Amino acid sequence: MGLLNIRNLTVRFATSAGSFTAVDGIDVTVDKGEVLAIVGESGSGKSVSMLAAMGLLPDIATITADEMTFDGKDLLRMTPRQRRSIIGREITMIFQEPIASLNPSFTTGYQIEEVLRYNAGLSRRAARARALELFQQVGIPEPEEKLRSYPHQMSGGQCQRVMIAMAIATNPRLLIADEPTTALDVTIQKQILDLLMKLQEQTGMALILITHDMGVVAETADRVQVQYKGKKMEEADVLTLFEAPSHPYTRALLSALPEHATGDRLPTVGSFLEPEVQQ
Amino acid sequence: MSVVEGRNLIRDYYVPGSLTRAAKTVRAVKGISFSVERGKTLAIVGESGSGKSTLARIIALIDQASGGELLIEGKPVDIGKQRPTREMRSKVQMVFQNPYGSLNPRQKIGDVLMEPLLLNTDTPAAERRRRAEEMLVKVGLPAEVFNRYPHMFSGGQRQRIAIARALMLNPTLLVLDEPVSALDLSVQAQVLNLLADLQEEFNLAYVFISHDLSVVRYIADDVLVMNKGEAVEQGSRDEVFADPKHPYTRELFAATPITDVEAIRARVARRKALRAATA
């Protein structure tokens, strides 16, 4: 029994051209203390399935699932009030664009204290002290000064650290990171991934990492789920996936990596897929 | 003779002052020298703020260098003193990172491709059309797309269109500024293959700007690593990758995630041990 259990999740969007199925019968399970990577290219539904679990999709989305539970609680049938006691507290999320995720009009300190006061129930004074602690924990240099800084005064890497500090402020049991390093330089990406893994190991929270980057998967995940066009192609522990990928799409993705190039041309995904998967 | 040669190129940006701040000059490119032969690829690697795109714009005759000398096919070019001739303009073309931003949404694909001929040559209309249709086929698009608009194409297809546009004038040098970093892995492989095919067919020289070392390793003949406006390391691809000399290059290599099975095995074992210790 996992911490988060999603069975047969389907998400449809009503568009002017009719209904569009973004997620088509996906199962997601993550256990306590586990790092699950969801890999896929754009349009694979990897973000949408997690946004559905968080209840963050707009009204035009129709969500159906046989089961969607967090720690035994039914996420599908709970009231908004009950949902808010879980989302943002026990499950938190960080996103791809750290600078856009923060409000430009308030200092980072104000924003993290807001989380601590409303979601962790701390007093103003306690929130201030805890914010400083969290900034130190996520490795922000000159934390006291940075609490008084606005997002535009900080680099992308530092803003992502602020986002991570906000996400772990409530000691969540599950952190969902949606492409957390895609907008960052590689040296900063390494720092952020190291930080996420360190925090995961210290706190024992579960981590779902949504990414398109096989390198990121290789360096973080315990288990991997590969998605393509809203469907799950393969699920395996990380070593098996890289050592002996069973699905043609996974094999195609791995051999499309330039570092695996053997000839002077790269194999492309189309040359691997059987017609029924390509549609 | 080199297709392009840079001798000690410098670029300064003037940052105007305000009441509280003195004006200052920022040196974005601090004296860089290089040369590229026909049919070869020079990759310029660096993180954001390294000055790699500034250098690309100087090479592509978009921006003026503040110092140093730029030679195209042995002839010195200084766009500050003299507008580049149509002939010079035809020799150097550029492809940008974001194919969603680099194509005019109100311009049909055919017009996108014919415009360089209209501006720089005296080719008659019928001939312009014939050459545009030919080029579409060369980059792997059917000639029927001639009358369609950019929004009807995917990112990879748009990048093909941008490459086709750059090739319309039979350039000898293509400056590619992160041409595949906005693309999915499978599409990235297709575009890299296309670039390799076109380089062979037209004996093109490429200046390939990238932050992705696995792509650089795959495509480059020579590598120039930039950090804070300086060329910290320069050499053939094999030299630089086998034995990086500069600490920054080593840091960059160490930060790049790799999908090596042995490395994954070691990481998984370390995590298991850690979990056993805390359990």
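In the predicted model, four strands of chain B form an open sheet, arranged in the order S2-S1-S4-S5 with antiparallel pairing. Strand S2 (24–36) and S5 of chain B are the edge strands, each of which pairs on one side only. Neighbouring strands of this sheet are turned against each other by 35° on average, direction ignored. At the S5 edge, S4(B) and S5(B) are joined in the antiparallel sense over 3 bridges, and B:Leu71 has B:Pro76 in S5(B) as its bridge partner. Helix H1 (residues 52–59) of chain B lies across strand S1 (4–15), S2 and S4 of chain B, and runs at about 120° to S1(B).

The loop between strand S4 (67–72) and strand S5 (75–77) of chain B contains B:Glu73. B:Glu73 is not a glycine, yet its phi is positive, at about 45°. Most residues other than glycine have a negative phi. B:Glu73 counts as partly exposed because 17 C-beta neighbours lie inside 10 Å, a number between the limit of 12 or fewer for exposed residues and that of 20 or more for buried ones.

On the edge strand S2 of chain B lies B:Val26. This valine has 11 other C-beta atoms within 10 Å and is therefore exposed. Leaving aside neighbours within four places in sequence, the contacts of B:Val26 are B:Asp12, B:Tyr13 and B:Val15. The C-alpha atoms of B:Val26 and B:Tyr13 are separated by 5.1 Å, although the two residues are 13 residues apart along the chain.

Chain B as a whole has 10 helices and 10 strands, and its C-alpha atoms fill a box of roughly 75 × 50 × 45 Å along the principal axes. Of its 279 residues, 41% count as buried. Among contacts in chain B between residues at least 6 apart in sequence, 68% join residues at least 24 apart.

The side of chain B that touches chain A comprises 29 residues, which are in contact with 32 residues of chain A. Helix H6 (185–202), helix H7 (213–219), helix H9 (247–255) and H10 of chain B each supply at least two residues of this side. By residue class, the side of chain B that touches chain A divides into 14 nonpolar, 8 polar and 7 charged residues. Helix H10 (residues 261–278) of chain B has 18 residues and spans 26 Å from its first C-alpha to its last, close to the 26 Å expected at 1.5 Å a residue. The number of buried residues among the 18 of H10(B) is 1, so this helix lies largely in the open.

In soluble globular proteins, nonpolar side chains tend to be buried together. The largest nonpolar core of the model has 157 residues, of which A:Ala165, A:Leu174, A:Ile208, B:Val175 and B:Val207 touch the most other members. H7(A) contributes the largest share of this core, 8 residues.

One of these core residues, A:Leu174, belongs to S8(A), where it lies on one side with A:Ile176 and A:Asp178, while A:Leu175 and A:Ala177 lie on the other. In a regular strand the side chains alternate between the two faces of the sheet. Both faces of S8(A) are covered, and 5 of the 5 residues of this strand are buried. S8(A) pairs with two parallel neighbours: strand S7 (residues 91–94) of chain A over 4 bridges, and strand S9 (residues 206–211) of chain A over 5 bridges. Within these pairings, A:Thr92 stands opposite A:Leu175, and A:Ala206 in S9(A) is the bridge partner of A:Leu174. Apart from neighbours within four places in sequence, A:Leu174 is in contact with A:Leu3, A:Leu4, A:Val30, A:Glu90, A:Ile91, A:Met205, A:Ala206 and A:Ile208.

The loop between helix H7 (156–168) and strand S8 (174–178) of chain A holds A:Asn171. Phi of A:Asn171 is positive, near 50°, in a residue other than glycine. A:Asn171 counts as exposed because it has 11 C-beta neighbours inside 10 Å.

Terms used. Residues numbered from 1 in each chain as written. Chains lettered and ligands numbered in written order. Predicted model: local features only at pLDDT ≥ 70, side-chain atom pairs only at ≥ 80, totals over all residues. Expected span 1.5 Å × (residues − 1). Contact = placed C-beta atoms within 7 Å. Nonpolar A, V, L, I, M, F, W, Y, C, P; charged D, E, K, R; others polar. Pairing = 2+ DSSP bridges. Axes fitted to C-alpha atoms, helices over the stretch in contact; angles between N-to-C directions. Core = buried A, V, L, I, M, F, W, Y, C linked by C-beta atoms within 7 Å.
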